[in-house]
Amino acid sequence: MAVVFERPHALLDVDTHYCPGCTHGVIHRLVAEVIDELECEGRTVAVVPVGCAVMAYDYFACDAIEAPHGRAPAVATGVKRALPDRVVFTYQGDGDLAAIGTAETVHVGTRGENITVIFVNNAIYGMTGGQMAPTTLPGQVTQTSPYGRDVKTQGNPIRICEMMATLSGTAYAARVSVDSPKAIGEAKRAIKKAFQYQLEGRGLSIVEVLSSCPTNWGMSPTEALEWVRTEMQGYYPLGVYKDVGGEENV
């Protein structure tokens, strides 16, 4: 019988630590599929964060480095400059990238570092118990916003893709989701373009992926995916925010 679906070679055959219904596993698979298709596993270096994906180095078959909290873009910059022939990507959550790592994220964009950033946005601090994050939606209930996020006192959520698209060194900025088969296909195409742009030396590429967190949202996996569609995508519209090789569609 012909094999029509199998594990990507760049994704190791191990159990992950993620909660049931979490879509980190889907995103891992998409990244691994892209690495396989571009045939770059042997020269790829992942830089993994502090957060839910802290042990991602155990899941990808390529070399990996654990970065201090929020510093993955800085570590990736060092790797890429020292070894410019390597394909370097960071894999970061919203607490890591959009809070403690905001400065590092902005400055790799201003410098146009030729790396790829995979940014997983689930609107909450997942690993540490569900506190309010920089991406938590207005009115969203978390452990530290039990009455909902009040923008008058706690500020507005950060739209990372829109911000990064304004920086001259950013070559590609796109926001995608993994809430449905169609969305997953579109997410893979965006991730592949981000890696291809790095191979072409175009500058920084960032793909923001809207992801679910059923455990800390207090929802079933099905309810969480629906919440991504009905709530997150309203505040964080999907689309391409910058593409130096094509037309922006947002």
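**Cysteines, cores and charge pairs in a predicted model**

The count of disulfides in this structure comes to zero. Cys-62 takes part in none, and the nearest cysteine sulfur, that of Cys-40, is 8.5 Å away. Since the model is a predicted one, these distances are computed from its coordinates. Cys-62 is nonetheless a buried residue, with a relative accessible area of 9%. Cys-161 is buried too, at a relative accessible area of 0%. Why is the sulfur of Cys-161 not in a bond with the closest cysteine sulfur? That closest sulfur belongs to Cys-22 and is 19 Å away, which is too far for a bond.

Attention turns next to the nonpolar interior. In soluble globular proteins, nonpolar side chains tend to be buried together. Here the largest nonpolar core holds 37 residues, and those touching the most other members are Val-31, Phe-89, Ile-118, Tyr-172, Ile-191, Phe-195 and Val-207. Two or more residues come from each of helix α1 (24-38), strands β1 (44-48), β3 (87-93), β4 (116-121) and β5 (170-177), helix α7, and strand β6 (204-210). Helix α1 supplies the largest share of this core, with seven residues. A second core, separate from this one, has 22 residues, among them Val-45, Val-108, Met-164 and Leu-204.

Ile-118 offers a handy view of the packing in the largest core. Leaving aside residues up to four places away in sequence, Ile-118 touches Ile-27, Val-31, Phe-89, Thr-90, Tyr-91, Gln-92, Ile-191, Phe-195 and Val-207. Several of these names will be familiar: Val-31, Phe-89, Ile-191, Phe-195 and Val-207 are listed with Ile-118 among the core members that touch the most others.

Helix packing can be followed in one pair. Two packed helices are described by the angle between their axes and the distance between the axes. For helix α2 (residues 72-82) and helix α4 (residues 102-111), the axes come within 8 Å and cross at roughly 35°. On the α2 side the contact is made by Pro-73, Ala-74, Thr-77 and Arg-81, and on the α4 side by Glu-104, Thr-105, Val-108 and Arg-111. Sorted by class, the contact comprises three nonpolar, two polar and three charged residues. Val-108, one of the α4 residues in this contact, also belongs to the second core.

Arg-111 leads on to the charge pairs. Side chains of opposite charge can pair when their charged atoms come close. Across the whole structure, 14 salt bridges are found. In one of them, the side chains of Arg-111 and Glu-113 meet at 2.6 Å, N to O. Arg-111 is partly exposed at 43% relative accessibility, while Glu-113 is buried at 7%.

Which parts of the chain does the pair of Lys-193 and Asp-243 tie together? Lys-193 lies in helix α7 (residues 181-199) and Asp-243 in strand β7 (residues 239-243), so this salt bridge links parts that are 50 residues apart in sequence. The N to O distance is 2.9 Å. Lys-193 is partly exposed at 27% relative accessibility, whereas Asp-243 is buried at 5%.

A more local pair is found in helix α9 (residues 221-235), where Glu-226 and Arg-229 lie three residues apart, about one turn of the helix. Their side chains form a salt bridge of 3.0 Å, N to O. Glu-226 is partly exposed at 37%, and Arg-229 is partly exposed at 33%. Finally, Arg-29, Glu-33, Glu-37, Lys-188 and Lys-192 are joined in a network of salt bridges.

Terms used
Residues numbered from 1 in each chain as written. Predicted model: local features only at pLDDT ≥ 70, side-chain atom pairs only at ≥ 80, totals over all residues. Heavy atoms only, no water. Salt bridge = Lys/Arg side-chain N within 4 Å of Asp/Glu carboxyl O. Buried < 20%, exposed > 50% of the residue type's maximum accessible area, 1.4 Å probe, protein only. Helix = DSSP H or I, 4+ residues; strand = E, 2+ residues; numbered from the N terminus. Core = buried A, V, L, I, M, F, W, Y, C linked by side-chain atoms within 4.5 Å. Contact = heavy atoms within 4.5 Å. Disulfide = S-S within 2.5 Å. Axes fitted to C-alpha atoms, helices over the stretch in contact; angles between N-to-C directions. Nonpolar A, V, L, I, M, F, W, Y, C, P; charged D, E, K, R; others polar.
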